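Visitor: I would like to learn how to read a structure like this one, feature by feature. Could you walk me through it?

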Amino acid sequence: FTVLGIESSCDDTGAAVVRSDGVILGEALASQGDIHEQWGGVVPGLARDAHEDAIDRIVDLAVERAGFSSIQEIDAIGVTIGPGLEICLRVGATKARELAQTFQKPFVGVHHLEAHILMARLPLEEASPSTATTNNFVFPATDLVHETVRTMQFPFLALLVSGGHCQIMKCLDIGKYSIIGGTLDDSLGEAYDKVARLLGLPVGGGGGPAVEALAKQGDPTAVPLPIPLRNRKDCDFSFAGLKTAVRRAAEKICDTEMDGNLEDLLTDQDKANIAASFQNVAIKHIEQRLERAMKMVEQEEQEQGGSKIRSLAVVGGVAANQELRARLETLCERCSSSQDNDDDEEDRWKMFVPPPRLCTDQGSMSAWAAIERIMVGSTDDPTSRDVYARYPFSLEHEAK
Ligand code: ATP
Ligand code: FE
């Protein structure tokens, strides 16, 4: 079967048609980076207006690219209903509900974080990740070839690093997640965005990619920064202190305590060194917390038995970061070889991470999450569900 997925929780209007075996048949995405750039962040009212302008066109385009002439030919509709910006969520949700009712199709109200996580289970390998640019929008190509691929089975551990969240959770089944660590303040994506702003880098559509690119030119050990929470015996995160330390370090380099305009006083090499040092320490923090969580899972299993967890899903917008991907891959190898079981394949930690462009928000995540829900027989009534700015996710908070 095929599902049309719609996503409008923040500043991307995305739609995609995905087949139940994971093949993305057609997708379209309108990003609002340019609109929010001048404000240094997402302005909800402007975001809603842009979603409203784009939604019909993006849905039509995804359907057309999938090779369908009408939504009648598609089997179900899925849409993000939370968490996110309420007025933005409503644009996608209203459109999806109308379509579901008009065409009498099954409807799934998708949880955005579950959708990020489930992308790590999408059985997809891209043949040619070519992209075509039309107007101001980047439309990923639709010529994806399905090959056989590894699919990650439940239960698994997930690191969700996005614009609004930073969490480690045990993923037991569809709809069954237990959070074992969260952030005490900012998310990792927010930290990247704030460092981008401090350095005067483009932040529209997220500052992460610009910081990552600049970090490649810098020395990751040039600017000393403290690793957050390194002695805490839990799996929580904190990035606010690191962000302040980055600002202080930048001020020290410029020899000023004045706010603002640091970007004009720093040399390009200073900026690159700051970006590289920030990224290095932020990822060290992630590695330390995640390693604790992995050890915890192993220990629990020794004490209590139960299903073995040796898969790690790395998901959310920041999972597109190449340095993070490489370092966590190494962490998995290290955690696998530290216990003398080199030859026992099922004791090795394996990392699953979506292709970079499927880490950030887009329509395929809503479609795939809806497919996963439909596969377990869980659909929603299109007439009865609203949207949720806050949308509880965890079954329990097991930390501490
Ligand atoms: P949430 O999913 O928590 O509701 P969101 O949907 O706004 O938040 P995502 O689209 O998942 O967030 O991710 C966007 C975040 O990812 C932004 O903070 C952006 O800076 C960050 N990001 C994207 N690409 C990269 C990258 N290559 N390196 C670092 N950060 C990145
Ligand atoms: Fe997201």
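**Strands, sheets and a ligand shell**

Guide: Gladly! Let us begin with a pair of strands: strand 2 (residues 12–19) and strand 3 pair in the antiparallel sense over seven bridges. Please keep in mind that this is a predicted model.

Visitor: Which residue stands opposite Asp12 in strand 3?

Guide: That is Ser31. Four residues lie between the two strands in their hairpin, and there Gly22 takes a positive phi near 100°.

Visitor: How many residues of strand 3 are buried?

Guide: Eight of the eight residues in strand 3 (residues 24–31) are buried, so "mostly covered" is a fair reading, with 20 or more other C-beta atoms within 10 Å as the criterion for each.

Visitor: Let us turn to the sheet with strand 8. In what order do its strands come?

Guide: The order is 10-9-8-11-12, in an open sheet of five strands with mixed pairing. Strand 10 (176–181) and strand 12 (350–352) are at the edges; each has a single partner strand, so one side of each lacks a neighbour in the sheet. From one strand to the next, the twist averages 30°.

Visitor: How does strand 8 pair with strand 9, and how with strand 11?

Guide: Strand 8 runs antiparallel to strand 9 (residues 166–173), and six bridges join them. The link between these two is a hairpin of four residues. With strand 11 (residues 311–315), strand 8 pairs in the parallel sense, over four bridges. Leu157 is a handy marker: it stands opposite Lys170 in strand 9 and opposite Leu312 in strand 11.

Visitor: Which way do the residues of strand 8 point?

Guide: First the general idea: side chains in a regular strand alternate between the two faces of the sheet. In strand 8, Phe156, Ala158 and Leu160 point one way, while Leu157, Leu159 and Val161 point the other way. All of these are buried, which accounts for six of the six residues in strand 8 (residues 156–161).

Visitor: And the helices? At what angle do helix 6 and helix 9 pack?

Guide: The angle is about 110°, with the axes 8 Å apart. Helix 6 and helix 9 are therefore roughly perpendicular to each other. On the helix 6 side, Val211, Glu212, Leu214 and Ala215 make the contact; helix 9 contributes Lys271, Ala272, Ala275, Ala276 and Gln279. By class, this contact has six nonpolar, one polar and two charged residues.

Visitor: Which residues of helix 6 are buried?

Guide: They are Gly208, Ala210, Val211, Glu212, Leu214 and Ala215, so six of the eight residues in helix 6 are buried, by the same 10 Å neighbour criterion. Helix 5, helix 9 and helix 10 are among what covers them. Helix 10 (residues 322–337) also lies across strand 11 and strand 12, running at about 155° to strand 12.

Visitor: Finally, which residues come nearest to ligand 1?

Guide: Of the 23 residues around ligand 1, the nearest are Gly163, Gly189, Gly206, Gly208 and Gly317. Gly208 is also one of the buried residues of helix 6. At least two residues of the shell come from each of helix 4 (112–118), helix 5 (188–198) and helix 6 (208–215).

Visitor: What classes of residue make up the shell around ligand 1?

Guide: The shell has five nonpolar, 15 polar and three charged residues.

Technical notes
Residues numbered from 1 in each chain as written. Chains lettered and ligands numbered in written order. Predicted model: local features only at pLDDT ≥ 70, side-chain atom pairs only at ≥ 80, totals over all residues. Near = placed C-beta within 6 Å. Nonpolar A, V, L, I, M, F, W, Y, C, P; charged D, E, K, R; others polar. Buried ≥ 20, exposed ≤ 12 C-beta atoms within 10 Å, placed from the backbone. Pairing = 2+ DSSP bridges. Axes fitted to C-alpha atoms, helices over the stretch in contact; angles between N-to-C directions. Parallel < 35°, antiparallel > 145°, perpendicular 65-115°, else oblique. Contact = placed C-beta atoms within 7 Å.
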